[in-house]
Amino acid sequence: MNRTVAKEDLDSRIFNTINIILLCICTVIIVVPLWNVVISSLSSGKALAEGGFIFWSKDFSLENYRAVFNDETIGLAFLVSIAKTFIGVITHVFFCAMIGYGLSKKYIRGRKLYVAMGVITMFFSGGMIPTYLLIKSLGLLNSFWVYIIPALFSYYDVVILMNFFRNVPDSLEESAKIDGAGDWRIFLKIFIPLSMPAMATIALFNGVGQWNDFMTTKLYITDQALYPLQMKLYEIIVQSQTQAMQNVGGSAIIETTTKGVQLATIVITTLPIVVMYPILQRYFISGMMMGAVKE
Amino acid sequence: MDKLAVVPVNGKNPMNSKKPMGQRFKEFVIDYKRQWEIQSMIIPGIIFMIIFCFIPIYGLTIAFKSYTVIDTLDSAPWVGLDNFRIILSDKYFWDAVVNTLGISFLKLAIGFVIPIILSVMIYELSGGRFKKIVQTISYLPHFLSWIVLGGMLIAWFSSSGMFNEILLNLGIISKPVNILLDANKYWWIATLSDIWKEAGWGTILYLAIMSKIDPTYYEAAKIDGASRMRQIWNITLPNMKPIISLNLILTVSGLLGSNLDQTLVLMNSQNRVKAEVINSYVYRMGMTQGDFSYATAVGLGVSIVSVILLISANKVSNKLNDNQSVL
């Protein structure tokens, strides 16, 4: 008996040690590259051209950030990103909650048809070109609203909210109805405050999506004034890539300047997400679970 | 109340088929009017779905037309399957198909297994702070956009970047190389960067399922003298089988739709031959070359194949899971 326990103990200890070592390696593989970007962005152009550092900058400098902040178009892009994320999230969550509330009532006329339509939108879409033609004919090309209006609705989010609203006790609604409240009033004054956790989850996912979205701009926007940070960054990347290829062995100075700006822009673009991350983390696991549970 | 939800089958309502059509319509109108306030919440959603989903589905008809910029959707002349015929003899399309399948296959072969292993490893940690730290860090890359990650990759792989520095120090290479300009390595870059970004995120669902496994199973196994590996093999993995097969079905159905953002940011003139995927080909043909009908036809073909893949993957998994459908 004792021998089995001892054997199991040893086996477990070896297992745990190997497990922890492997997970440490995994963590390092994720953290070191990210850290490298941050310290590279804080290096002078000269140090960047020479390279030779991984963990710590050779020549600390804020010149890249100065260059980025001096570029007015990047400041504008930052504002566009914030505006589209903020407005987009609020309208999206309200719109989906409104429809989800309506559909959560089993007695409404035409419910089966509405649900069927919603399910179709989950599996079929017209794809890139027909959607582009639609956006074009709606006059949304080169309009700020192209960030907001097509992103208003997602049937996945509607289903999540609908299920959440169903779990609110009926008696609350009934007593409000007896007091003479209409559906809108009940929705706005009772259900919305009660559903804050679910709505926050959807808001956070949608917010990350809006902040990171770049295809919308790439497809529908040509006006530079409406470029969000992601598109601005994409332009800088493409620009530096072409330059790097044209200057193979040529003037390295241009390359390193754009590289520095590129790195600083990457850090600035990611910063809001990293700052929001601790708040995000509270919600996204429950969000994943809610998303996995379908009607 | 239930009566209200009954939907007509073949124009006849099975619940009250005796009532004439006109009367049922009248009842519907009366109910609808009484529910107008709650219905007013749904109407915007219905209008949205019709405009932004159903009109583009109707717009797929241009795949069977010859659409030019001067046309409207309806004025363009029908050409039947001509666009599809051209696709079949288009060398660039088939290159894109090969790349899409190659990258997707690598992602499936490696990227599907790693989150499972990783989640088992995290699950086996006894808890505490280290577990939290590992989880927090592994989820983080998921929240970076492909544009940001693409920019990072370009910086890491540049001739003075981190990647070359490590290889030089380890003595693997003697001269810096930029592997982003090496077409033959692109599939691996696309695969591994995708895994780096999403592997940690992929563990969340698995970990949630594992936390529901009855701990007495493990206790019983321990008494029987089962090693830790044996416990994982005989308890943890069998318990995750349904969710793994569900994930596999969803992955298989997405085989042809590999990441457009990733390709757009990592593709350059040097690696294009190996980097072009179907989605980026649709983008290039449609948006930059203006061949809308052709691009739509490619997109439609891909969607149809994807649906077929989804259905067959589901069938196969039903067989494997003793006819218990996971979808």
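**A pocket and a cavity between chains**

In this predicted model, 35 residues line the second largest pocket, and those nearest its centre are Ile29(A), Ile30(A), Pro33(A), Leu192(B) and Trp196(B). Several helices give two or more residues each to this lining: helix 1 (2-41) from chain A, plus helix 5 (113-124), helix 6 (129-139), helix 7 (146-157), helix 8 (162-170) and helix 9 (186-210) from chain B. Helix 1 of chain A hands over the largest share, with 10 residues. As for the space itself, the second largest pocket holds about 1,000 Å³. Sorted by class, its lining comes out as 30 nonpolar residues, four polar ones and just one that is charged.

Next come the cavities. Searching the whole structure turns up two of them at 30 Å³ or more. The largest cavity contains about 80 Å³ of space. From chain A, its lining takes Asn36(A), Ser40(A), Leu48(A), Phe53(A), Lys259(A) and Leu263(A), while chain B supplies Ala155(B), Trp156(B), Ser160(B), Gly161(B) and Met162(B). Here the elements that give two or more residues are helix 1 and helix 13 (252-292) of chain A, along with helix 7 of chain B. The class split for the lining of the largest cavity is six nonpolar, four polar and one charged.

Put side by side, the two linings have some helices in common. Helix 1 of chain A and helix 7 of chain B each give two or more residues to the second largest pocket, and both helices also do so for the largest cavity.

Key. Residues numbered from 1 in each chain as written. Chains lettered and ligands numbered in written order. Predicted model: local features only at pLDDT ≥ 70, side-chain atom pairs only at ≥ 80, totals over all residues. Heavy atoms only, no water. 1 Å grid on protein atoms, 1.4 Å probe; cavity = no way out; pocket = protein on both sides within 12 Å on 5 of 7 lines; lining within 4 Å. Points joined across faces, edges and corners; volume = space filled by probe spheres on them. Helix = DSSP H or I, 4+ residues; strand = E, 2+ residues; numbered from the N terminus. Nonpolar A, V, L, I, M, F, W, Y, C, P; charged D, E, K, R; others polar.
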